[in-house]
Amino acid sequence: MPVFIHKLCCLWVLLWGLSFAQAAERAAEGIELVFVGDVMLADTPGRLIRAGQDPFRYFAHELRRADLTIGNLECVISVKGRPIDKPYTFRAPKRALPLLKKYISAVSVANNHTGDFGKAAFTDMLSSLSKHEIPYVGGGHHLREAHQPFIRDIRGQRIGVLAYNGFFPRSFEALEGSPGSAWLDDDFVMHDIRHAKQQLGVDFLIVYPHWGWEYQKLASPRQRDMARLMIDSGADAVVGGHPHVTQDIELYQGKPIIYSLGNFVFDGFHEEDTRSGWLLRIILARDGSVAWQVLEAKIDRLGVPRPGRILDASHFSVAR
């Protein structure tokens, strides 16, 4: 069960908690990876974009200085299709594409909203992302593409990201002859991780799942079991999202599991927990060590995030 950090966690704090200055120094020596949570560019953020405003602007430095920045694209960018029958559907303007290109190295399309306007809109979005040279992961024109990792070679290291959706509707799962997202299935996850590490030569692999129950501050048993399966299969870190709140953190086999980063760009929420997300920095040092740091994102009523506190391990509950 998750418990608040106590004396047994002190060693973990020393190994994994870094001050901002230490993290910057470590990043200068190695590789800096940044992950953010749900990026929803429809509704109010979409109107801001249409008006020429930039909802990422307060985090521009943190997003652009990293060697690799990954975000979950929680909307459809296409004028095609009709909304499917569900409570919320999100369509973002085409003007969002240059902003994503400016700030994000690759987007995950493995979530419960990229299918909001059907398969024609989804494949149109994939084409637009490719046209703007924005890589995507966790989805594709067919099953094989949806389960391929995003890989980038950075200063002699192969960094890989796999993304999955574990929240319904599963009907938008990619199949052999049908586009969609990569579904969070145990067998697929184990195969994909081993394939990335053993056949594709990925040195550091992060799994980026869209999972868990909305508004729950603690990860579910299913999340915990799946995250440990990912680590046991060869993943080096697990960084999750979807619940619209941040969740607890676990260190398993010496590797970090951040169960939910919460929201990043997203309007329509009123509670403090839903308007507080995390920007995660993972630092891969040249000596082989790995460290991480979290910067709080405080989201205003327009859905725009602004930097908050720099958090260390003493702020988190940890599953032991």
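**Exercise 1. Which residue caps the N-terminal end of α8, and which backbone nitrogen does its side-chain oxygen lie 3.1 Å from?**

Before we start: this is a predicted model, where local features need pLDDT of at least 70, side-chain atom pairs count only at pLDDT 80 or more, and totals for chains, interfaces and linings use all residues. Residues are numbered from 1 along each chain as its sequence is written, and side-chain values use heavy atoms, with hydrogens and water left out.

*Solution.*
- Step 1: Find helix α8 at residues 186-199; helices are DSSP runs (H or I, at least four residues) numbered from the N terminus, and strands are such runs too (E, at least two).
- Step 2: Look at Asp185, which caps this end.
- Step 3: A side-chain oxygen of Asp185 lies 3.1 Å from the backbone nitrogen of Asp187.

**Exercise 2. Work out which side of α8 is buried and what that side packs against.**

*Solution.*
- Step 1: List the buried residues (under 20% relative accessible area; exposed is over 50%, partly exposed in between, with a 1.4 Å probe and protein chains only). They are Val189, Met190, Asp192, Ile193 and Ala196.
- Step 2: These residues lie on the same side of α8, because they cover an arc of only 170 degrees around the axis; the arc is that of the directions from the helix axis to the C-beta atoms.
- Step 3: Recall that an α-helix has 3.6 residues a turn, so residues three or four places apart point the same way.
- Step 4: Turn to the other side of α8, where Asp187, His191, Gln198 and Gln199 are exposed.
- Step 5: Find the partners of the buried residues: β8 (157-165), β10 (204-210) and α9 (221-233). Contact means heavy atoms within 4.5 Å.

**Exercise 3. Describe the surroundings of strand β16.**

*Solution.*
- Step 1: In β16 (residues 290-299), 8 of the 10 residues are buried, so the strand is largely enclosed by the rest of the structure.
- Step 2: Pair β16 with β15 (residues 276-284): they are antiparallel over 9 bridges. Strands pair if DSSP finds at least two bridges between them.
- Step 3: Pair β16 with β17 (residues 305-311), again antiparallel, through 5 bridges.
- Step 4: Locate Lys298 in β16, which stands opposite Ser276 and also opposite Arg306 in β17.
- Step 5: Check the hairpins. Gly288 has a positive phi near 95 degrees in the hairpin of β15 and β16, while Gly303, in the turn between β16 and β17, has a positive phi of about 90 degrees.

Technical notes. A polar contact is a pair of N or O atoms within 3.5 Å; within protein, one must be able to donate a hydrogen and the other to accept it, and residues adjacent in sequence count only if both atoms are side-chain atoms.
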